Amino acid sequence: MRPATVGCMGLFQRRSQGRHARGNTPVDPVVPPRPVNPRERAGDAQAVDAKAVATPATQPAQPAQPARPPRQPRPIGPAAAATRDLTKIYGQGDAEVRALDGVSIDFEQGRFTAVMGPSGSGKSTLMHCAAGLDAPTAGEVRIGDVEIGALKDKDLTELRRDRVGFIFQAFNLIPTLTAHENITLPVAIAGRQPDQEWYDTVIDTVGLRDRLEHKPSELSGGQQQRVACARALVSKPQIIFADEPTGNLDSTSGAEVLGFLRRSVDEFEQTIVMVTHDAVAASYTDRVVFLADGQIVDELLEPTREEVLRTMAHLDETVRARRVGATATGV
Ligand SMILES: Nc1ncnc2c1ncn2[C@@H]1O[C@H](COP(=O)(O)OP(=O)(O)OP(=O)(O)O)[C@@H](O)[C@H]1O
Ligand SMILES: [Mg+2]
């Protein structure tokens, strides 16, 4: 089977928009950083929406007015996690589902990546396999320099606990524990004390200082999700995977969480991979990877909401073109 990395090249070359990646992942090892679109980095969904109204989707996007100084360009680091020819097949025979079909991707350190695609395209499966929560049928997953397929269960559990953070759509907080206890639980399970200075930084960044003694049921949805974000961050994981972290939130709470995730990348050089269906959420990230039928079919760098919407609108066409190309080349 042809890995997705090869299949995307022709696709990217056909595109004229400069911000589409010029090759699929693993992308150019050092993608030249560009000044960000500050309105979309400001955690202000309203500003993004206002731009959308002023700029119809069919028109080229107008340059945005800076609302704050652009982020300092920072070199993209080596991969915090990577997959090679990752394949996941559920079921057998007629019931077989190829949820992932040869996905090769690098998640570079200090980068915020969104994973988008239609329902059933394999986004959650990719996150679970890349985070070591689920075993692939074939292919490799690396967290840092460790190939996790080679690990024994105990070592994998430890690696996941020490190096990977996960934020779920449904928060997954323990209802009987306070926010503070939920946040420090993974570190406590590991038998460690949280680094107090880092804990304070995280708490102040998520803005939960005055809610720490409350149980999840006493917190708003946005606050609960920020607790889940803090829990993922407090152990300083190498990479955080977030599966639709704003899917259950209203737009204000969603913007709070996205603003926080953005800051943790900008200020703490955290690496984050986030599944989302929302073009505004995707515009907070540095890169959007599009999945369809378990394959990577497109990619945007420094995405704007409009570019994401345009790419999503053309995804069916893109997938059809790939299928025709694959048939023509007999792959
Ligand atoms: N445990 C499972 N057993 C059988 N099939 C599964 C299982 N988990 C996922 N699938 C199938 O694998 C495919 C990919 O599922 P996945 O959950 O990764 O999609 P997704 O892109 O996250 O979709 P959504 O946007 O709806 O969350 C789907 O066809 C799904 O039905
Ligand atoms: Mg999913």
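In which loop is N172 found? N172 sits in the loop between strand 6 (164-167) and helix 6. The legends below describe a predicted model.

**Figure 1. Overview of the predicted model.** The protein has 12 helices and 10 strands. It contains 331 residues, and buried residues make up 43% of them. Contacts between residues at least 6 apart in sequence were examined, and 73% of these join residues at least 24 apart.

**Figure 2. The shell around ligand 1.** Twelve positions are labelled here: Y90, G91, V97, A99, G117, S119, G120, S121, G122, K123, S124 and T125. Two elements give two or more residues to this shell, strand 2 (97-108) and helix 4 (123-130). Helix 4 gives the most, with three residues. Sorted by class, the shell around ligand 1 holds three nonpolar residues, eight polar residues and one charged residue.

**Figure 3. Helix 8 against helix 9.** Helix 8 covers residues 221-234 and helix 9 covers residues 251-268. Their axes lie 8 Å apart, at an angle of about 20°. The two helices are therefore roughly parallel to each other. Their crossing is right-handed. On the helix 8 side, the contact uses G221, G222, Q225, R226, C229 and L233. On the helix 9 side, the partners are S253, E256, V257, F260, L261 and S264. By class, this contact has five nonpolar, five polar and two charged residues.

**Figure 4. Helix 6 against helix 8.** The axis of helix 6 (residues 179-189) comes within 8 Å of the axis of helix 8, and the two cross at roughly 30°. Angles under 35 degrees count as roughly parallel, so helix 6 is roughly parallel to helix 8. The crossing of this pair is right-handed. Helix 6 contributes A179, N182, I183, T184, L185, P186 and V187. Helix 8 answers with V227, A230, R231 and V234. The contact of helix 6 with helix 8 comprises eight nonpolar, two polar and one charged residues.

**Figure 5. Helix 7 against helix 8.** Helix 7 spans residues 196-206. Its axis and that of helix 8 come within 10 Å and cross at roughly 155°. Angles over 145 degrees count as roughly antiparallel, so helix 7 is roughly antiparallel to helix 8. Helix 7 passes helix 8 in a right-handed crossing. Y199, V202, I203 and V206 make the contact from helix 7. From helix 8 come R226, C229, A230, L233 and V234. The class count for the contact of helix 7 with helix 8 is eight nonpolar, no polar and one charged. Within helix 8, R226, C229 and L233 also appear in the contact with helix 9. A230 and V234 of helix 8 also appear in the contact with helix 6.

**Figure 6. N172, a non-glycine residue with positive phi.** The phi of N172 is about 55°, a positive value, although N172 is not a glycine. The residue belongs to the loop between strand 6 and helix 6. Is N172 exposed or partly exposed? N172 has 13 other C-beta atoms within 10 Å, so N172 is partly exposed.

**Figure 7. E269, in the loop after helix 9.** E269 is found between helix 9 and strand 8 (272-275). Phi of E269 is near 55°, a positive value in a residue other than glycine. E269 has 12 other C-beta atoms within 10 Å. A residue is exposed if it has 12 or fewer such neighbours, so E269 is exposed.

**Figure 8. D250 and G221.** D250 is found in the loop between strand 7 (239-243) and helix 9. With 11 C-beta neighbours inside 10 Å, D250 counts as exposed. What separates D250 from G221 in sequence and in space? The two are 29 residues apart in sequence and 8.4 Å apart in space, C-alpha to C-alpha. G221 is also one of the helix 8 residues that meet helix 9.

**Figure 9. A150 and E140.** A150 lies in the loop between strand 5 (146-147) and helix 5 (153-163). Only its neighbour count is needed to classify A150: it is exposed, with 9 other C-beta atoms within 10 Å. A150 and E140 are 10 residues apart in sequence. Their C-alpha atoms are 9.4 Å apart in space.

Key: Residues are numbered from 1 along each chain as its sequence is written. Chains are lettered from A and ligands numbered from 1 in the order in which they are written. This is a predicted model: local features need pLDDT of at least 70, side-chain atom pairs count only at pLDDT 80 or more; totals for chains, interfaces and linings use all residues. A residue is near a molecule or strand if its C-beta atom, placed from the backbone, lies within 6 Å of it. Helices (H or I, at least four residues) and strands (E, at least two) are DSSP runs, numbered from the N terminus. Ala, Val, Leu, Ile, Met, Phe, Trp, Tyr, Cys and Pro count as nonpolar, Asp, Glu, Lys and Arg as charged, and the others, Gly among them, as polar. Axes are lines fitted to C-alpha atoms, for helices over the stretch in contact, and angles run from 0 to 180 degrees between N-to-C directions. Angles under 35 degrees count as roughly parallel, over 145 as roughly antiparallel, 65 to 115 as roughly perpendicular and the rest as oblique. A crossing is left-handed if the near helix is turned anticlockwise from the far one by less than a right angle, and right-handed if clockwise. Two residues are in contact if their C-beta atoms, placed from the backbone, lie within 7 Å. A residue is buried if 20 or more other C-beta atoms lie within 10 Å of its own, exposed if 12 or fewer, and partly exposed in between; C-beta atoms are placed from the backbone.
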